[in-house]
Amino acid sequence: MDTTRIAAWSGPAVALAGVAYFAAIYVLAGLLTTGVRAWLLRSGRGRLLDARPLPADQVAREWRQSAISVVIFGVGLVIPWAFVVLGWATVHPSNPPLRVVLELTALLLWNDVHFYAVHRTLHHPRLLHAVHAAHHRSVVTTPWSTYAFHPVEALLLGSVLLAPTLVWSFTPVALVLLPMLSLTYNVIGHSNCRALPRRWRWLSNAQDHHLHHACHRGNYGFLFTFMDRWLGTQLPHDAAQAVIAAGLAREARRAGTP
């Protein structure tokens, strides 16, 4: 799809298509991760990272918050579309495989820098209580915690493609694949399940992001760890051990278990 064809769309059509796209990839990624997670736990091939029970209304709340985020992300595609209409941005007319791979690599690196900057900013005390606390209500995460944001956080995270599209003419495939890859990895990161050795953590950030939710600090990165390592915010693997043990002990006392 070239620049001319994109510019021919109407704003409402772009918004509707965007909402449908984000809803579809979110539901598919969430259902697939939930199913794989259940199989891993049943078969003994995976283990829960945090065994504390979920509040009774958590998943329903996450679905409500996620629905709002999906709408914000989808409607937000009107902004890069407007860049094209105004002539501020262009889209490459074809999809050479090597160019797609290189662009995706660059976009994933930028996504990590952008995510870290937004995420760490949201941990400023004022923003943490006013905005980011909505996401941290999910102390023990599920795949549906992924988009369970405050609307302001969804707006900030949804802005990831704005700057790149102003400085480079990306291939359509790279632009379509970035949200798919990013969301899938993010859903896995909220799955609260580890099935791979720690040395393979680049295939699954579940361990790192589980620690962030349990400790409410550190591990602000997304796909890679370089930002946390460079800026001294990477948590040790046992950072949440005492918190989880104390939580399980409280649950046991409530249940009357000796």
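This passage walks through some aromatic residues, a surface patch and a few buried polar residues in a predicted model.

Aromatic rings make a good place to start. Searching the whole structure turns up 14 aromatic pairs. One of them brings together Phe 115 and Phe 222, whose ring centres sit 5.1 Å apart with planes at 45 degrees, so this pair is tilted. Phe 115 belongs to helix H5, while Phe 222 is in the loop between helix H10 (206-215) and helix H11 (226-231), so the pair ties together parts that are 107 residues apart in sequence. Both Phe 115 and Phe 222 are buried. Another tilted pair is made by Phe 224 and Phe 226: here the centres are 6.1 Å apart and the planes meet at 40 degrees. The two partners get different labels for exposure. Phe 224 has 30% relative accessibility and so counts as partly exposed, whereas Phe 226, at 14%, counts as buried, the cut-off for buried being under 20%.

Ring pairs also build up a cluster, which links Tyr 21, Phe 22, Tyr 26, Trp 63, Phe 73, Trp 144, Tyr 147 and Phe 149. Phe 73 gives a handy view into this cluster. Its home is helix H3, which covers residues 58-76, and with a relative accessibility of 9% Phe 73 counts as buried. Setting aside neighbours within four places in sequence, Phe 73 is in contact with Phe 22, Tyr 147 and Phe 149, and also with Ala 154, Leu 157 and Gly 158. Phe 22, Tyr 147 and Phe 149 are thus both contacts of Phe 73 and members of the ring cluster. As for Phe 83, it is ten residues from Phe 73 in sequence, and the C-alpha atoms of the two are 16 Å apart in space.

Now for the surface. Leu 86, Trp 88, Leu 166, Val 167 and Trp 168 together make a nonpolar patch of about 590 Å². Within this patch, Trp 88 comes from the loop between helix H4 (78-85) and helix H5 (97-122). The relative accessibility of Trp 88 is 52%, so this residue counts as exposed, given that the label applies over 50%.

Arg 52 is a charged residue with a buried label. Its position is the loop that runs between strand E1 (47-48) and H3, and its relative accessibility of 14% makes it count as buried. The side chain of Arg 52 is joined to that of Asp 50 by a polar contact of 2.6 Å. Not counting residues up to four places away in sequence, Arg 52 also touches Val 139, Val 140, Ala 214, Val 243, Ile 244, Gly 247 and Leu 248.

Two asparagines round off the picture with their backbone angles. Asn 192 is not a glycine, yet it has a positive phi of about 60 degrees. Its place is the loop between helix H9 (172-189) and strand E2 (193-194), and with a relative accessible area of 3%, Asn 192 is buried. Asn 219 likewise has a positive phi without being a glycine, in this case about 50 degrees. Asn 219 is found in the loop between H10 and H11, the loop that also holds Phe 222. A relative accessible area of 3% goes with the buried label for Asn 219 too.

How values were computed
Residues numbered from 1 in each chain as written. Predicted model: local features only at pLDDT ≥ 70, side-chain atom pairs only at ≥ 80, totals over all residues. Heavy atoms only, no water. Helix = DSSP H or I, 4+ residues; strand = E, 2+ residues; numbered from the N terminus. Buried < 20%, exposed > 50% of the residue type's maximum accessible area, 1.4 Å probe, protein only. Contact = heavy atoms within 4.5 Å. Patch = residues over 30% accessible without salt bridge, like charges linked within 9 Å, V, L, I, M, F, W, Y side chains within 5 Å. Areas by Shrake-Rupley, 256 points an atom, 1.4 Å probe, with all protein chains shown as cover. Salt bridge = Lys/Arg side-chain N within 4 Å of Asp/Glu carboxyl O. Phe/Tyr/Trp six-rings, centres within 6.5 Å; stacked < 30°, edge-to-face > 60°. Polar contact = N/O pair within 3.5 Å; in protein donor to acceptor, adjacent residues only side chain to side chain.
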